[in-house]
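This report looks at how a chain is divided into domains and how two copies of that chain are arranged.

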2 protein chains.
Amino acid sequence: MPPHPLIECVPNLSDGRNSTNIEKLAQVIEQHDGVALLNVDSDFDHHRTVITFAGTPEAVGEAAFQLTQAAVECIDLNTHQGVHPRMGALDVLPFVPLDGATMEDCIQLANQVGKRIGASLKIPVYLYEAAATKPERQNLAHIRQGQFEQFSEKLQETEWQPDYGPTQRHPTAGVLAVGARQPLIAFNVNLNTNDLELAKEIAKQIRHSNGGLPHVKALGFPLLHRGLVQVSMNMTNYHSTSLFQVFESIEKLAADAGVTIAESEIVGLTPRQALLDVGKSYLKLATLTDSQVLETRIEEVFDHD
Amino acid sequence: MPPHPLIECVPNLSDGRNSTNIEKLAQVIEQHDGVALLNVDSDFDHHRTVITFAGTPEAVGEAAFQLTQAAVECIDLNTHQGVHPRMGALDVLPFVPLDGATMEDCIQLANQVGKRIGASLKIPVYLYEAAATKPERQNLAHIRQGQFEQFSEKLQETEWQPDYGPTQRHPTAGVLAVGARQPLIAFNVNLNTNDLELAKEIAKQIRHSNGGLPHVKALGFPLLHRGLVQVSMNMTNYHSTSLFQVFESIEKLAADAGVTIAESEIVGLTPRQALLDVGKSYLKLATLTDSQVLETRIEEVFDHD
């Protein structure tokens, strides 16, 4: 049985190319007592690796700190070039409440770990989403504006003083966002074209901040080694805007430009319900209930005995 | 925790209209020790109710017999008219192996229960699918040909002597097919038209026996009280032919006739994987693995501890 309470942690690291580094970083988690490595997802074009792990709050906090330390030792942002925006060696460190855990538990953990990283590793730390200390820091994209290169200046501004750690950018590891949030889906849709402007235009049309779909963040990227372009998204509330809606919207906007979808991908993990909901929407199963899923129903009737 | 071994039973009863009857029959299962009622799905047009329940082999066998007895008491096939083919008050009684159970367990149970029903309730019983005693009895549709009305004659033929019970049709309860099979999906797609010929033509195009999709049985029905028509299917191997393929095929054939799909429905329960596979196909998630589903992955890593 999984530990209870269970917290998930989804560190995003700024290396998607050096397999020695990636393996070393994954091993920090894999060999850490009390946490389980759930997924490692590296992307060459993004030059980024998303690790997913879970465990008790204490074990997850300790493992997250050890991983940050290891990332500082092997990643140098001064030579990093990838299509995904980034500001730190360990770029983002979110904690997610799973079974038996609350958002409050995650906010507390983000503060503990953020404080320790700031003090011990001399990295400026911004708390984001549910852990944010100011409304303008809830949105990660807003914090990251200017990226690694501009944080020396950004840290001079009163508005951008970090929540923890020094007011100077770490020379190689930059700055870090530590947060607490609900599960999100990192969802990328690859288009059968090398027209980067189209990917950027579609991203602009669907992203919430430009009046598009609620709880959708989107950017257009080139996938140089494949000759395609990508609409890369974070879906922060798949109950509000579903995978089906996002895919259908992109398909329509691409079709208007005579372009088809090559394939899509989920980075890391997805909550099961998000995929089940796609099946339900596509098949127009208007009246299907969760209790009509055999395994769900068997859990319902037998597990409360 | 569910009992182990666990067997599912999915009796199809020839009443989808008399709510007093349906409730009485469902209560036979609900009040039976050692089994859990999973689902009751009644259809007015089909004039049929599908009950799903599960438990240990012994309890499921006993409950199935009690249900058959209750069905004989309250359903008379002489006055039954529905769009779905039927030959008995309890029409079909399949056993399905779930966790820890084998097909052999279900075949044995089908024989025990079939023999008892034949002897005690004087109903001719045909064993079908994995429990069939002759190749031509594997296919339920073939056994049911001629329906209730023609079984007095059919039972005279050497070829159609029952596996258990008398060689005379029960005067009100007809005959019964008892079987052992893998989970199937009863999937209906409703078309935005009252053109019954179109539903029948599409059913013919997609059903396996006419050279269509493997493991798909299909019929075209009118839904008189809604003014629509329905392609009604049993999908006996959703790994081989998926819900996505079936829906996409029907959508195309209907579109060729200028008709759209109103909605679809799953009768009773569906295995979870069948719905997840639809999400994966629709979103073109070419590389998605089962381990990228959060809940599945958490079970994987923590449950073997």
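In this predicted model, the domain assignment divides chain A into domain 1, which covers residues 7-180, and domain 2, which covers residues 185-269. The centres of domain 1 and domain 2 of chain A, taken over C-alpha atoms, are separated by 25 Å. Contact between these parts of chain A involves ten residues of domain 1 and ten residues of domain 2.

On the side of domain 1 of chain A that touches domain 2 of chain A, strand S3 and strand S4 of chain A each supply at least two residues, and S3(A) gives the most to that side, with three residues. The residues of the side of domain 1 of chain A that touches domain 2 of chain A divide into six nonpolar, two polar and two charged.

The bounds of these elements of chain A are listed here.

| Element of chain A | Residues |
|---|---|
| Domain 1 | residues 7-180 |
| Domain 2 | residues 185-269 |
| Strand S3 | residues 35-43 |
| Strand S4 | residues 48-55 |

Turning to the pair of chains, a turn of 180° with a shift of 0.0 Å along the axis lays chain B on chain A with an RMSD of 0.0 Å. The two copies are therefore related as by a two-fold rotation axis. Which residue of chain B comes closest to the rotation axis? Among the residues of chain B, that is B:Gly279, whose C-alpha lies at 2.4 Å from the axis. Because 100% of the interface residues of chain B are also interface residues in chain A, the copies meet through the same surface.

Definitions and conventions. Residues are numbered from 1 along each chain as its sequence is written. Chains are lettered from A and ligands numbered from 1 in the order in which they are written. This is a predicted model: local features need pLDDT of at least 70, side-chain atom pairs count only at pLDDT 80 or more; totals for chains, interfaces and linings use all residues. Copies are superposed by least squares on the C-alpha atoms of residues with pLDDT of at least 70 in both. Two residues are in contact if their C-beta atoms, placed from the backbone, lie within 7 Å. Domain bounds come from an automatic or database domain assignment. Helices (H or I, at least four residues) and strands (E, at least two) are DSSP runs, numbered from the N terminus. Ala, Val, Leu, Ile, Met, Phe, Trp, Tyr, Cys and Pro count as nonpolar, Asp, Glu, Lys and Arg as charged, and the others, Gly among them, as polar.
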